Amino acid sequence: MSKHGQPSLNSSVPVKKSKLELQTTAPLDPPVFNARYSDPEFALHFSKAFRDREHFHDQTSQAKLVNHPYPTASLPNFLESTEYLKTLREELLTETYFHKSNDLYEFYQSEDLRLSTKPHIAALKDAIYSDKFFSMMSSLTGIDLDPSVIDLNGNQYHEGCYLLCHDDDIKNEKEGRRIAFILYLVDEDWSAADGGALDLFRCNETGYPVEVAQSLVPVRNTLAFFELSSVSYHQVAEVLSKNKSRISISGWFHGPLQTKLVSKSMPFHLITESAEVTLKSMLNPDYLSKNNISVVSDIFLNQSSIELQKFLKADVYEELLRELSEIDQDQVWDEQMGPRHVRSYRRVSDKNQDIVPPILGRLQKLFGSSEFEGWLKRLTNLEFLKLNSELRLFQKGDYTLLHDHALEKTGLDVVFSFPALGELKEWDESWGAGATHYVADKANLLTLYPKHNTLTVVLRDEGTLRFIRFLTARVRECKRRELSALYTVNDEEDDEEEEEEEEEEGDSKQ
C-alpha cells in the first residue's frame with residue numbers, strides 16, 4: 001500500500017505549558033499521607049479483604065475496596081494538606097504535556113515526573129519513593145514491591161479524551177508492573193455526568209473482557225489502585241465535560257511476578273455469501289463501462305486504494321435507505337462483537353440473515369458472486385481465493401483496535417458504506433471519530449470516513465494494519481453502517497496454519 005505522507009499515528013506532540021507562573025521555592029518536606037492508611041488495624045482488615053477478594057468499607061476514612069470484577073481500592077482524603085494538594089495541581093498544569101493519540105487512546109501526558117524540579121511535585125515523588133510509602137502499599141496489598149522502580153506521569157483528559165479497554169500487559173516474565181495507581185486531582189464538583197470514570201471489565205470463562213462491571217467516578221484527593229493480572233481489564237471512559245479536565249497523577253509499582261501472563265489467541269469467524277446477483281441491476285452504470293473501469297484500475301494500481309462514490313444506482317440506494325428506516329436495527333444487527341480489548345460493534349448474525357432488508361440482502365449476495373469477483377479482478381489485476389464478509393454497525397462507544405489477538409489476514413478490503421446520519425448530509429470529520437485508519441510502522445497511511453453510497457477498495461499488504469477510531473459522544477445518534485468484505489489474495493500462510501492446527505488437534509486426541 002502506498003504511503004501518503006500523513007502524520008505519525010502515535011502522536012506525541014508537546015503542547016505549550018500553562019501561562020500560570022510559579023515562584024521558585026526551597027525544597028519542601030514530603031507531603032503527609034492520611035495516617036489512617038498506615039494504621040496496623042486498618043492494614044490488617046484491608047489486606048485480608050484485598051487478598052481474599054472481599055468487599056471492604058472503613059467507616060473512619062470512608063476507604064472502599066470493591067471485590068468485583070477484581071479488587072480495586074479507593075482511599076479518599078489521601079493527602080492530609082488540601083493547600084499542598086491545590087499547589088501540586090497548579091504545578092502539574094505547568095508541566096509540558098504530549099498529545100498521545102492512536103487506536104487505543106486520546107489524552108495528554110506529561111514527561112516522567114521523576115525529572116520534575118517543581119517543589120511540590122518533587123516532594124510527592126520523594127514521598128512515593130520513601131520506605132514508609134512502599135511499606136504501607138506492601139502492607140495493604142500483601143505484594144512484594146520493588147522500591148527502586150516506579151512509573152510516574154501527569155495526565156490530562158479533556159472533552160472527548162479516552163483510554164479504551166486494556167490490561168496493562170506485562171512483558172517481562174520475571175519482573176514487571178504489579179500495581180496500577182491513580183491520584184485524582186479533578187475539580188471538587190466532578191461527577192458521573194462529566195465522564196472519565198475508571199471502568200472495570202468482567203471477563204468471560206475464556207478470560208476475555210465482555211462488559212463493564214464497575215464504574216468508579218474520579219474523586220479529588222483519592223488514591224485508586226488495583227493489582228495487575230491477566231483479567232485486570234479496565235478503561236478510562238470518555239470525558240464528556242466541556243469545561244473541566246480529568247487531571248491525575250498515575251503510574252505503576254513494580255515487583256517480581258508470581259505467574260506469567262499468557263497471551264490468548266482468538267478465532268475470528270465471518271459470514272460468507274456466494275449467491276449470484278447481476279451487476280447491471282444494482283451498480284451505477286458509470287462503473288461498468290470499459291473506459292471507466294480502465295481509469296479506475298489505473299488509479300488503484302498507482303495508489304493501492306480507490307473510493308467509488310454513488311456506487312449503487314440512485315433509486316436502488318434510496319430504496320435501501322427506505323427499507324432501513326422501517327426496521328428495528330437493534331434486532332437486525334443482533335450480535336455484539338468483542339472482546340472489548342479488541343473490538344466493540346454489532347453485526348448481523350447467521351440466524352438473522354433471513355430478516356436482512358431485501359436490497360441489502362441482494363448486495364450481500366452480489367459481493368459473493370462470481371460476476372462481482374470478475375469485476376474486482378478487472379479493477380485490481382488480482383486473483384482472489386477466499387471471501388469473508390459481514391454486515392457491521394458502529395455507534396457511539398464502538399471501535400476496533402490494533403491487537404495481537406485481532407490481526408487480520410492480508411488481502412483486499414472492500415467496504416460499502418451506508419451510514420445513518422439523521423439530518424446531516426455527511427459524516428463530520430471534525431468529530432475525529434469513526435474513521436478507518438490504515439497504518440504501518442505507526443505512520444498513518446490512509447484515513448477513510450463513512451460516506452453515503454460509497455465503495456472503498458484498499459489493498460492491505462503485509463505490515464499494513466487497519467482500525468476504526470473510537471466513536472466519541474460527538475457522533476451523537478449517527479451510526480456507521482457497512483458491508484465489509486475481505487478478499488484474500490494469497491492463502492499459502494493460511495494453508496500452513498490450517499495444517500498446523502490439524503496436527504495439533506491430532507496430537508491432542510492421541
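These are my notebook entries on what I looked up in this structure.

**Entry: the chain as a whole.** I began by noting that I am working with a predicted model. I then counted the secondary structure, and the protein chain turned out to have 10 helices and 25 strands. Of the 510 residues in the protein chain, 53% are buried. I also looked up the exposed surface, which comes to about 24,500 Å² for the protein chain, with carbon and sulfur atoms supplying 48% of that area. When I turned to contacts between residues at least 6 apart in sequence, I found that 81% of them join residues at least 24 apart.

**Entry: cysteines.** How many disulfides does the structure hold? I found zero disulfides, and I wanted to see what keeps Cys165 from forming one. The cysteine sulfur closest to that of Cys165 belongs to Cys203, and the two are 7.6 Å apart, which is too far for a bond, because a disulfide needs the sulfur atoms within 2.5 Å. I checked the surroundings of Cys165 as well, and with a relative accessibility of 1% this residue counts as buried, since the cut-off for buried is under 20%. Cys478, which I looked up next, has a relative accessible area of 6% and is therefore buried.

**Entry: a three-stranded sheet.** I followed one open sheet, in which three strands run in the order E22-E21-E24 with antiparallel pairing. Its edges are strand E22, residues 443-448, and strand E24, residues 465-468, each of which pairs on one side only. From one strand to the next, the twist averages 25°. I reminded myself that strands of a sheet pair through backbone hydrogen bonds, either parallel or antiparallel. Looking closer at one pairing, I saw that strand E21, residues 436-440, joins E22 in the antiparallel sense over five bridges, and that Thr436 stands opposite Leu448 in E22.

**Entry: two helices that meet.** To describe two packed helices, one gives the angle between their axes and the distance between the axes. I looked up both values for helix H1, residues 40-52, and helix H4, residues 131-141, whose axes come within 6 Å and cross at roughly 50°. That crossing makes H1 oblique to H4. Which residues make the contact? On the H1 side I listed Phe42, Ala43, Phe46, Ser47 and Phe50, and on the H4 side Ser139, Leu140 and Thr141.

Conventions:
Residues are numbered from 1 along each chain as its sequence is written. This is a predicted model: local features need pLDDT of at least 70, side-chain atom pairs count only at pLDDT 80 or more; totals for chains, interfaces and linings use all residues. Side-chain values use heavy atoms; hydrogens and water are left out. Helices (H or I, at least four residues) and strands (E, at least two) are DSSP runs, numbered from the N terminus. Buried means under 20% relative accessible area, exposed over 50%, partly exposed in between (1.4 Å probe, protein chains only). Contact means heavy atoms within 4.5 Å. Accessible areas come from the Shrake-Rupley method with a 1.4 Å probe; for residues, only the protein chains shown count as cover. Two strands pair if DSSP finds at least two bridges between them. Axes are lines fitted to C-alpha atoms, for helices over the stretch in contact, and angles run from 0 to 180 degrees between N-to-C directions. Angles under 35 degrees count as roughly parallel, over 145 as roughly antiparallel, 65 to 115 as roughly perpendicular and the rest as oblique.
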